[in-house]
Amino acid sequence: MRLVLLGPPGAGKGTQAQALAARWGIPQVASGDLLRAAVHEDSELGREAVGYMDRGQLVPDKLVLKMIAERLRKKDARDGFILDGFPRNVMQAEALAAGLERAGRKLDKVVAVMLPDEEVVKRISGRRTCRNCAAMYHVIFEPPAKAGVCDKCGEELYQREDDAEETVRERIKVYHATTRPLLDHYRRLGLLAQVDGEGRIDEVEKRILAAVTGDHDYD
Ligand code: ADP
Ligand code: ADP
Ligand code: ZN
């Protein structure tokens, strides 16, 4: 399975990608996680990307494309992957398609997880992430057993710097202007399925599974 998850920030892409990756035994390739790791390591990529990320803007395509190409060349992604957060614009989508084609491969499906802007803000403002294992929580919707501590590994939970309200507004703007047009792009290619991102995590997962296997388009 070669799947792309699209959707606004906070729609639940990461949450769903983690569940599907575990279910199918293929890696979740999350561009935001890879970029945050680069920032944390203070690599050249991280130093170039951090300013854009802090402002809620997209990191330049050239940097992101190189990073994703390297990640998809790894052995674990040979027979499938779930892309989460990439592509973010049409240029990235075209580069991805070209890269896959050179390897004699193609995407199987693109699932857009839809969520209204007001819900996006609620989800992001309560998001907490594990520093150690990247498990995701929400202070109200998906709280850990003990506040501030990861259920899975016991490490500390933190709030992403770019989840501050001002930056979230900018990210929503960037989504509508730049990423949203990708839905039309993939619809024209016959790859798109849209699913409603509201409701419980397991309900959304069922919708995604139905969309991937059953070809529904919930437009
Ligand atoms: P979210 O989970 O809220 O959608 P991400 O973790 O995917 O956010 O992305 C965080 C930030 O990393 C983005 O605001 C952007 O600066 C950068 N980023 C992530 N993926 C991409 C991409 N494909 N192209 C450009 N920038 C990206
Ligand atoms: P994205 O990767 O699209 O930015 P996340 O998966 O990080 O989104 O989810 C954003 C926040 O919303 C997290 O705090 C997560 O725990 C929470 N969340 C995800 N899915 C749901 C859901 N179906 N209902 C309520 N909260 C959710
Ligand atoms: Zn953890």
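Me: Let's start with aspartate 42: how does it count at its relative accessibility, buried, partly exposed or exposed?
Reply: Keep in mind that this is a predicted model. Aspartate 42 has a relative accessibility of 46%. Buried would need under 20% and exposed over 50%, with the middle class in between, so aspartate 42 counts as partly exposed.

Me: And where is aspartate 42 found?
Reply: This residue has a phi near 60°, a positive value in a residue other than glycine. As for its place, aspartate 42 is found in the loop between α2 (31-41) and α3.

Me: Which residue has a positive phi of about 65° although it is not a glycine?
Reply: Look in the loop between β5 and β6. The residue there counts as partly exposed, at 28% relative accessibility. The one with that positive phi is alanine 134.

Me: Okay, the zinc ion (ligand 3): which residues are its protein donors?
Reply: Each one gives its SG atom, and they lie 2.3 to 2.4 Å from the zinc ion (ligand 3). In sequence the donor residues follow the spacing C-x2-C-x16-C-x2-C. They are Cys130, Cys133, Cys150 and Cys153.

Me: What geometry does the site of the zinc ion (ligand 3) have?
Reply: The angles among its four donor atoms run from 97 to 117°. Four donors pass as tetrahedral if all angles lie between 85 and 135 degrees. So, with those angles, the site is tetrahedral.

Me: How many residues apart in sequence are the parts that cysteine 133 and cysteine 153 tie together?
Reply: Both are partly exposed, cysteine 133 at 33% relative accessibility and cysteine 153 at 28%. Cysteine 133 sits in the loop between β5 (127-130) and β6 (136-138), while cysteine 153 is in the loop between β6 and β7 (157-158). The pair therefore ties together parts whose separation in sequence is 20 residues.

Me: Moving inside, which element gives the largest share of the largest nonpolar core?
Reply: That core has 30 residues, and Leu96, Leu107 and Tyr186 touch the most other members. Elements supplying at least two residues each include β1 (2-6), α3 (44-55), α5 (90-102) and α8 (181-188). The largest share is six residues, and it comes from α4.

Me: Which residues is leucine 107 in contact with, leaving aside its neighbours within four places in sequence?
Reply: Leucine 107 belongs to that core, as one of the residues that touch the most other members. Setting the sequence neighbours aside, its contacts are Arg2, Val4, Phe81, Leu96, Leu100, Tyr186 and Leu191.

Me: How many residues are in the second, separate core?
Reply: Its members include Leu5, Ala11, Val168 and Ala211. Ala211 is also one of the buried residues in α9. The size of this second core is 23 residues.

Me: Within what arc do the buried residues of α9 fall?
Reply: Helix α9 (residues 201-214) has 14 residues and reaches 19 Å from its first C-alpha to its last, close to the expected 20 Å. Buried in α9 are Val204, Glu205, Ile208, Leu209, Ala211 and Val212, whereas the face turned away from them carries the exposed Lys206 and Thr213. Buried residues of α9 pack against β1, α1 (13-24), β4 and β8 (192-196). Seen down the axis, they line one face of the helix because they fall within an arc of 160°.

Me: Last one: which residues does a cis peptide bond join?
Reply: Look in the loop between β3 and α5, the place of proline 87. With omega about 0°, the bond joins phenylalanine 86 and proline 87.

Conventions:
Residues numbered from 1 in each chain as written. Chains lettered and ligands numbered in written order. Predicted model: local features only at pLDDT ≥ 70, side-chain atom pairs only at ≥ 80, totals over all residues. Heavy atoms only, no water. Donors = N, O, S within 2.8 Å, 3.2 Å for Na, K, Ca; no water. Tetrahedral: all angles 85-135°; square planar, octahedral: opposite > 155°, others 65-115°. Helix = DSSP H or I, 4+ residues; strand = E, 2+ residues; numbered from the N terminus. Buried < 20%, exposed > 50% of the residue type's maximum accessible area, 1.4 Å probe, protein only. Core = buried A, V, L, I, M, F, W, Y, C linked by side-chain atoms within 4.5 Å. Contact = heavy atoms within 4.5 Å. Expected span 1.5 Å × (residues − 1). Arc of directions from axis to C-beta.
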